[in-house]
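Welcome! Have the sequence and the 3D view open, and work through the exercises below at your own pace. Try each task before reading its solution.

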Amino acid sequence: ASAASVFVMDFDGASGDGGTQHSSGGPNGSYYEAGDYIFSPSNLQSSLQCYDGNCVQEFQNGAIGEFTRSDGGDFDFLGFYFSLQGRGGTDDDLNFVTVEAEKDGTGIVPIFQIALADLLTSTLPYFDVVWADGGDGDPNAVCKDDQNVTFDKTVRVCNQKGYFVSVLDGAWNGVDLVRFTSSSTAQTRIDNLSAIPLPAAAWFLIAGLGALGGLTRRSGKAI
C-alpha cells in the first residue's frame, strides 16, 4: 500500500483544504472540519495576519483550539504557522504561543513555546522556526523589543510577522491531539497545520492481530 500523504489544514474552505466551518457539535463547541481532521473550537479570522486566506485565533482566555483526527486516530504532526499580533501593553515574555501534543491523554515531551523577541533558534533541537516570507501582516512594521531596541525578524520573533514551525526528528509522531494556547494579549494567529494520518493498513493489522488472538484462545479451549 502507498504511504499516507501530508494533509495541510489551511482553514480556507473550498479555495483551499475543502473544509467546512460548524458553529456547534465539536469537542469544544464550534469546529472546522477538513479531510480527516477537526480543529475545535474554531474562531476563524480572515486577515493579512493569516498566512493566506483564513486562519484561527484565540477563542477565549488564551485558548486557541485542539487539532485531532475526526475518527480519533493517531497521526504524525509535522508543523504549523503562527503570528503574534502585538504586545498589548505587556512585556515581550508575556506574549507567547504554546503548543502541546498528547497521546491517550498523556502529554508528549517536548512542548513548544515561544514569545515575542525570542530567538528563532530557542526551540531547537526539537522545533525549527523560520520567518514565513510573504506571510507578514504589515511588511513595513518595525521589530522592537520591550526595551525599544530594534531587531531582525529573521532572527527573533517579531509582532505581526509570520513564522513556520517544523517538528524535528518525529518528536510528535503517533499523537492523537495537538493543543494550541496563548497569552490572552498575544492575539495569536494559527494557520497551515500539517499532519500525516496513521495509515489505514496499520489499523487493519492491529484489528487482525486482535482477532487472531481471540481465535487462538478459543481454539485452545476446544482442544
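Two strands count as paired if DSSP finds at least two bridges between them. With that rule in hand, we can start from one such pairing: Tyr 37 stands opposite Arg 69 in E7. Please keep in mind throughout that this is a predicted model.

**Exercise 1. The strand E7 and its partners**

Task: Find which strands are joined to E7 by four bridges, and work out whether Arg 69 is buried or exposed.

Solution:

Step 1. Locate the strand. E7 covers residues 63-69, and Arg 69 belongs to this strand.

Step 2. Look for one partner. Strand E4, residues 37-40, is joined to E7 by four bridges, and the two run antiparallel. The facing residues Tyr 37 and Arg 69 were our starting point.

Step 3. Look for another partner. E13 is also linked to E7 through four bridges, again in an antiparallel arrangement. Here, Phe 67 has Val 178 of E13 opposite it.

Step 4. Check the cover. Six of the seven residues of E7 are buried, so the strand is mostly covered.

Step 5. Turn to Arg 69. Buried means under 20% relative accessible area. Arg 69 has a relative accessibility of 7%, so this residue counts as buried. Its side chain makes a polar contact with the side chain of Asp 71, at 2.8 Å.

**Exercise 2. Two disulfides**

Task: Pair up the bonded cysteines and state the handedness of the disulfide formed by Cys 50 and Cys 55, then that of Cys 143 and Cys 158.

Solution:

Step 1. Count them. There are two disulfides in the structure. With the bonded cysteines numbered in sequence order, the pairing reads 1-2, 3-4.

Step 2. Take the pair Cys 50 and Cys 55. Their sulfur atoms are 2.1 Å apart. The torsion about this S-S bond is about -60°, so the disulfide is left-handed. Cys 50 is buried at 2% relative accessible area, and Cys 55 is buried at 0%.

Step 3. Take the pair Cys 143 and Cys 158. In this disulfide the sulfur atoms lie 2.2 Å apart. The torsion is about -105°, so this disulfide is left-handed. Both cysteines sit in the loop between strand E11 (127-131) and strand E12 (161-167), so the bond ties together parts that are 15 residues apart in sequence. Cys 143 and Cys 158 are both buried.

**Exercise 3. Aromatic pairs across the chain**

Task: Classify the ring pair of Phe 77 and Trp 172 and that of Phe 80 and Phe 180, and say what each pair ties together.

Solution:

Step 1. Start with the total. The count comes to 22 aromatic pairs.

Step 2. Phe 77 and Trp 172 have ring centres 6.2 Å apart and planes at 40°, which makes a tilted pair. Phe 77 is in strand E8 (residues 75-84), while Trp 172 is in the loop between E12 and strand E13 (177-182), so parts 95 residues apart in sequence are tied together. Phe 77 is buried, with a relative accessible area of 1%, and Trp 172 is buried at 0%.

Step 3. For Phe 80 and Phe 180, the ring centres are 5.3 Å apart and the planes meet at 85°. That angle is over 60 degrees, so the pair is edge-to-face. Phe 80 comes from strand E8 and Phe 180 from strand E13, so the pair ties together parts that are 100 residues apart in sequence. Phe 80 is buried at 1% relative accessibility, and Phe 180 is buried at 1% as well.

**Exercise 4. The nonpolar core**

Task: Which residues have the most contacts inside the largest nonpolar core?

Solution:

Step 1. The largest nonpolar core has 39 residues, and those with the most contacts inside it are Phe 67, Phe 77, Phe 82, Phe 112 and Phe 180.

Step 2. E8 supplies the largest share of this core, with five residues.

Step 3. Follow Phe 180 outward. Leaving out residues up to four places away in sequence, Phe 180 touches several others, among them Phe 39, Ile 64, Phe 67, Phe 77, Phe 80, Val 99 and Leu 193.

**Exercise 5. A glycine in a loop**

Task: Where does Gly 13 lie, and what is in contact with this residue?

Solution:

Step 1. Gly 13 is in the loop between strand E1 (7-9) and strand E2 (20-26).

Step 2. Its relative accessibility is 11%, so Gly 13 counts as buried.

Step 3. Setting aside neighbours within four places in sequence, Gly 13 is in contact with Gly 18, Gly 19 and Tyr 32.

Terms used: Residues numbered from 1 in each chain as written. Predicted model: local features only at pLDDT ≥ 70, side-chain atom pairs only at ≥ 80, totals over all residues. Heavy atoms only, no water. Disulfide = S-S within 2.5 Å. Buried < 20%, exposed > 50% of the residue type's maximum accessible area, 1.4 Å probe, protein only. Polar contact = N/O pair within 3.5 Å; in protein donor to acceptor, adjacent residues only side chain to side chain. Contact = heavy atoms within 4.5 Å. Phe/Tyr/Trp six-rings, centres within 6.5 Å; stacked < 30°, edge-to-face > 60°. Core = buried A, V, L, I, M, F, W, Y, C linked by side-chain atoms within 4.5 Å.
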